[in-house]
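This report describes the enclosed spaces, the ligand site and the unusual backbone geometry of the structure shown below.

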Amino acid sequence: MQDKLKALRDQILAEISVASDVTALEQVEITCLGRKSQFSQLMKQLGELSAVERREVGQLANDLKQEIQDALKLRRSELLQVEFKALAETDRIDVTIPGLRPETGHLHLTTQAIQDIVDIFSRVGFTRVRHPEVEWDWFAFEALNMPPDHPARDEWETFFIDAPQHSKLGKMVLTPHTTSGSARELKKGQLPIRMMNISKTYRRQIDVSHVPMFHQFEGLLVDRDVSVTHLKGILDHFAREFFGAGRHTRLRPFHFRFTEPSFEVDISCGICSGSGRSEDGSKCRLCKEGWLELGGAGLLHPNVLTAGGIDPEEYSALAFGWGVERTMMMRSGIMVDDIRVLYKSDFRFLNQF
Ligand code: DAH
């Protein structure tokens with residue numbers, strides 16, 4: 001029995017030493033020491049021996065088993081080392097290879113401009129307000145001194161919503177200009193007012209220089225003794241902050257139904273500084289006359305204040321408003337031959353900004 005055990009030990013140790021990988025080694029362990037192994041068979045025969053023999057053989061069997069298990073452990077770690085070494089060769093990671101950068105987006109250039117505009121006006125006390133993108137005719141026109149069927153309305157190329165009319169406020173339209181937000185603010189009756197309304201506006205127009213959805217910003221200041229001087233000061237503040245130091249504005253008499261007096265606001269040209277001439281004396285290639293047109297402004301017409309429930313004898317108001325897209329393109333010098341590219345979601349264009 002002892003000889004059998006020793007022979008078996010030699011055989012198992014030999015098998016362990018030739019196992020070529022960890023899986024093969026595990027197989028050796030199962031077949032040599034498992035329940036159906038020769039070793040287990042021998043152990044079952046222990047009971048047939050005398051007590052003395054049983055102790056001796058049992059001791060030997062335990063020692064052998066321990067020896068085999070040690071050999072298994074050793075071989076296993078040898079094999080693992082070999083495997084890891086091979087893996088390190090084939091599966092090497094070069095930490096110096098540049099990683100994959102996740103794509104990061106950015107705000108649309110119109111949104112960037114809106115944020116700048118909000119910053120600039122909030123520094124002189126204007127608070128941003130928000131109003132609906134659908135509007136009642138009354139706020140868009142009538143409260144702004146444009147009675148039903150007045151020809152001045154034509155300019156706003158309005159989209160009418162196919163919805164029931166409001167008994168007092170009339171038809172529902174897509175907000176054609178941000179001035180309707182001013183009419184709404186007046187109605188709130190909380191004075192004084194210093195607000196900016198920046199939002200989407202809609203007009204039935206589409207060509208290389210117009211999109212049916214664009215953005216306007218509107219400023220409104222209502223208080224006692226508001227004058228054109230205040231208006232000019234605020235507009236110059238905007239010109240300097242948005243377009244750069246040294247830029248200023250010019251007010252040109254104009255006509256809007258909702259302001260009196262009314263102006264068109266021009267900004268001094270950034271190329272010729274308002275002279276209209278290049279250094280060599282020829283006409284400025286950008287503005288030709290020293291000024292670039294921005295938008296409209298004025299002091300609110302008394303009828304508009306009255307419609308808003310405010311006494312024009314006691315209060316006066318300045319207002320200004322124009323398109324975000326146009327203003328931002330004037331600043332950045334982006335020359336696009338088709339303004340519709342702004343809203344085509346073409347990354348080749350948008351990612352430049
Ligand atoms: N709402 C006008 C438009 O859409 C622009 C405008 C002109 C706004 C004069 C004003 C203003 O506040 O005073 O074209």
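## Cavity, pockets and ligand site

By class, the lining of the largest cavity comprises six nonpolar, one polar and one charged residues; here Ala, Val, Leu, Ile, Met, Phe, Trp, Tyr, Cys and Pro count as nonpolar, Asp, Glu, Lys and Arg as charged, and the others, Gly among them, as polar. The model is predicted: local features need pLDDT of at least 70, side-chain atom pairs count only at pLDDT 80 or more, and totals for chains, interfaces and linings use all residues. Residues are numbered from 1 along each chain as its sequence is written, and side-chain values use heavy atoms, with hydrogens and water left out.

A cavity is a set of points, on a 1 Å grid over the protein atoms alone, where a 1.4 Å probe fits but cannot get out; a pocket is an open set with protein on both sides within 12 Å along at least five of seven lines, and lining residues have an atom within 4 Å of a point. Grid points are joined across faces, edges and corners, and a volume is the space filled by probe spheres set on the points.

One cavity of 30 Å³ or more is found in a search of the whole structure. The largest cavity holds about 30 Å³ of space, and its lining consists of W138, A143, A183, L186, K187, V304, A307 and G308. Helix 7 (179–188) and helix 9 (302–307) are the elements that give two or more residues to this lining, and the largest share, three residues, comes from helix 7. Helices (H or I, at least four residues) and strands (E, at least two) are DSSP runs, numbered from the N terminus.

The largest pocket contains about 1300 Å³ of space. Of its 47 lining residues, E293, L294, W322, G323 and R326 lie nearest the centre. Strand 8 gives the most to this lining, with seven residues. By class, the lining of the largest pocket has 21 nonpolar, 15 polar and eleven charged residues.

The second largest pocket has a volume of about 260 Å³. It is lined by 16 residues, with D137, P148, D149, R153 and F160 closest to its centre. Five nonpolar, four polar and seven charged residues make up that lining.

The ligand sits in the largest pocket, in the sense that more than half of its atoms lie within 2 Å of the grid points. The shell around the ligand has 15 residues, the closest being H177, T179, R203, Q216 and E218; a residue counts as near if one of its heavy atoms lies within 4 Å. This shell divides into six nonpolar, seven polar and two charged residues. The table gives polar contacts of the ligand, that is, pairs of N or O atoms within 3.5 Å.

| Ligand atom | Protein partner | Distance |
|---|---|---|
| oxygen | W156, side-chain N or O atom | 3.3 Å |
| nitrogen | T179, side-chain N or O atom | 2.6 Å |
| oxygen | A319, polar backbone atom | 3.2 Å |

The protein covers 93% of the 350 Å² of accessible area that the ligand has on its own; such areas come from the Shrake-Rupley method with a 1.4 Å probe.

Turning to the backbone, most residues other than glycine have a negative phi, and most peptide bonds are trans. The peptide bond from L191 to P192 is cis, with omega near -5 degrees, and P192 is found in the loop between helix 7 and strand 4 (193–202). E260 and P261 are also joined by a cis peptide bond, with omega about 0 degrees; P261 is found in strand 7. D225, although not a glycine, has a positive phi of about 60 degrees, and D225 is found in the loop between strand 5 and helix 8 (228–243).

Methods:
Polar contact = N/O pair within 3.5 Å; in protein donor to acceptor, adjacent residues only side chain to side chain.
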